[in-house]
Amino acid sequence: MEKFASVAALLLLLSFPVAFSGHDYGQALSKSLLFFEAQRSGVLPRNQRVTWRSHSGLTDGKSSGVNLVGGYYDAGDNVKFGLPMAFTVTMMAWSVIEYGNQLAANGELGHSIDAIKWGTDYFIKAHPEPNVLYGEVGDGNTDHYCWQRPEEMTTDRKAYRIDPSNPGSDLAGETAAAMAAASIVFRRSNPAYSRLLLTHAYQLFDFADKYRGKYDSSITVARKYYGSVSGYNDELLWAAAWLYQASNNQFYLDYLGRNGDSMGGTGWSMTEFGWDVKYAGVQTLVAKFLMQGKAGRHTAVFQKFQQKADFFMCSLLGKGSRNIQKTPGGLIFRQRWNNMQFVTSASFLTTVYSDYLTSSRSYLRCSAGNVAPSQLLSFAKSQVDYILGDNPRATSYMVGYGNNFPQRVHHRGSSIVSYKVDRSFVTCRGGYATWFSRKGSDPNLLTGAIVGGPDAYDNFADRRDNYEQTEPATYNNAPLLGVLARLSSGHSGYSQLLPAVPAPVVVRRPMPIRKPRVTSPVRASGPVAIVQKMTGSWVSKGRTYYRYSTTVINKSPRALKSLNLSIKNLYGPIWGLSRSGNSFGLPSWMHSLQSGKSLEFVYIHSTTPANVAVSGYTLA
């Protein structure tokens, strides 16, 4: 029977026209960003490019005394679900952080940042108090009973929230991750907004960590649609990882080191990554910190994180001890309903991990043997190419890309004539009778949308009622931004670990590297101690560069309100401090350094350590 199935699969592959020509990843990237504009809720801006949409959800939050206008509809309905929306924003931000230059080269960095800000503006409104977060507007049960345009929906728009009495660590944690990641995106272009996002991220993480509980036990109407199967430990680790990356605050690195074992970060061997299960994403980020030389005393724990990241990558390549299922056409397959969400998320992780390994001159360790990083990027490309049409059906699963794409998408807005064209009221049930049941193509093209995709045998039915396969979602598209940007820029190596620093150049005859002498601690001035260490070195264009990590420790029983550092003999870039002339101080987001706490900053140059000293401080 198995042999017959293999032959049948081969015949299936040969019986359909397969378009294996190269794809225009830049065009696909541009189209994928348009989908987010189609999903916008609230007052649409003047530069809105998806013109068949109009304003909607203009009274959201009013009955609860809060302004919740804005944000995104998650998929083909008109509900604003907080958990998948936050994951969407996190993944868009991660795409910009890793591949901002490539997005800019394609002319899409501005649109990507706009898409992120549309989400974070909403999260700011949804987080009116440190320990209050609104996690849903609308109700999936009543919303799905109707088939209406978002511009004239008559369904209940009740707002649901979490608070100390009704906690939701997973929801608050993911939103903290989104705000922290987005703060990195806006750090240069809008510093004040970046600081605001980071403040919200700090508060949300504290809320999530202090008042623990699953959000779908508090917002029970979400359980049927976006239930938190994995619990909240993965989101707490995920948020801590993003907060460390955004703030360079040692507290969050220590959180990962202390809780990696107990919260499952070093224990779970994953074969999926998505809006619910974040472990593979955490493991990938922590592996990055390890490669950057930031692990310090947590090295042993972080190595276990990396082993799990390797497990995930190996399972996708079919070189692990437990490999993920694939269709006969080569698409990874996790589940019948919206399988494509796992394809795009996995493709993103393999893309960044490939670049992390390349930058650190490492390789992937699988049970089947060592694997070159390039194989991970090739895997991501194979999945993207399948999505864009290189599959047994020669079907593009991105709406509007190619000549053969879904025409009857499970999406209320695209399937009903535009409100701008015909303002005749579409009733709740009348929408099903008139528009949902139509056999014709959608009147509005949902450009760029990634639909749920084929089944385990590469079969796909382009029917509006086939929601498992034809419904799109924002979290399908978000991870794809970075992958498409990366693929559109070719296959040369990137230095993802040290952006803005020359990429390492392979030298045929390795030059001996004389490690500079580092003393620890370098200097102590009263209650402030400073410890420096070299965490990495590489050769580029005949010159050896060193990465130094410097930790400032408050040894006083009182908080450190202000700090002035003198840094002499510094010949390269520095991260993690604010600068005024020749003086350096606490980063702008840090108002004080509490007793016993520390902060870390990093600099890179091509000589011995800089001379770091305390020139002044104020205690609370």
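In which strand does T544 lie? In this predicted model, T544 belongs to strand β8, which comprises residues 543-554. The residue is buried, with a relative accessible area of 16%. Its C-alpha atom is separated by 5.7 Å from that of S606, a residue 62 residues away along the chain.

A second threonine, T470, is found in helix α17, formed by residues 467-470. T470 has a relative accessibility of 0% and therefore counts as buried, the limit being under 20%. When residues up to four places away in sequence are not counted, T470 touches R408, V409 and H410, together with V451 and G452. The remaining residues touched by T470 are F460, A461, D462, R463 and R464.

The nonpolar interior was examined next. The largest nonpolar core has 151 residues, and those with the most contacts inside it are W94, F302, Y353 and L364. Helix α3, spanning residues 82-105, contributes the largest share of this core, namely twelve residues. For W94, with neighbours within four places in sequence left aside, the contacts include two tryptophans, W238 and W242. W94 is also in contact with G281, T284 and L285, as well as with F348, L349, V352 and Y356. Another core, of 22 residues, lies apart from the largest one, and among its members are Y546, Y548, V552 and L563.

An open sheet is formed by three strands in the order β1-β2-β3, with antiparallel pairing. Strands β1 (80-81) and β3 (159-162) stand at the edges; each has a single partner strand, so one side of each is left without a neighbour in the sheet. Strand β1 is joined by two bridges to β2 (residues 133-137), and these two strands run antiparallel. In one of these pairings, K80 has V137 of β2 as its bridge partner.

A search of the whole structure finds two disulfides. A disulfide is a covalent bond between the sulfur atoms of two cysteines. One disulfide is formed by C146 and C428, whose sulfur atoms are 1.9 Å apart. This pair links distant parts of the chain, 282 residues apart: C146 is in the loop between α5 (140-145) and β3, whereas C428 is in the loop between α15 (412-415) and α16 (430-436). The link of C146 and C428 is left-handed, with -85° about the S-S bond. Both cysteines are buried, C146 with a relative accessible area of 6% and C428 at 16% relative accessibility.

The other disulfide joins C314 to C366, with an S to S distance of 2.0 Å. Here too the pair links distant parts of the chain, with C314 in helix α12 (residues 299-317) and C366 in strand β4 (residues 364-366), 52 residues apart. An angle of -90° about the S-S bond makes the link of C314 and C366 left-handed. C314 counts as buried at 2% relative accessibility, and C366 is likewise buried, with a relative accessible area of 11%. When the bonded cysteines of the protein chain are numbered in sequence order, the pairing is 1-4, 2-3.

How values were computed
Residues are numbered from 1 along each chain as its sequence is written. This is a predicted model: local features need pLDDT of at least 70, side-chain atom pairs count only at pLDDT 80 or more; totals for chains, interfaces and linings use all residues. Side-chain values use heavy atoms; hydrogens and water are left out. Two strands pair if DSSP finds at least two bridges between them. Helices (H or I, at least four residues) and strands (E, at least two) are DSSP runs, numbered from the N terminus. A disulfide is a pair of cysteine sulfur atoms within 2.5 Å. Buried means under 20% relative accessible area, exposed over 50%, partly exposed in between (1.4 Å probe, protein chains only). Contact means heavy atoms within 4.5 Å. A nonpolar core is a set of buried Ala, Val, Leu, Ile, Met, Phe, Trp, Tyr and Cys residues joined through side-chain atoms within 4.5 Å.
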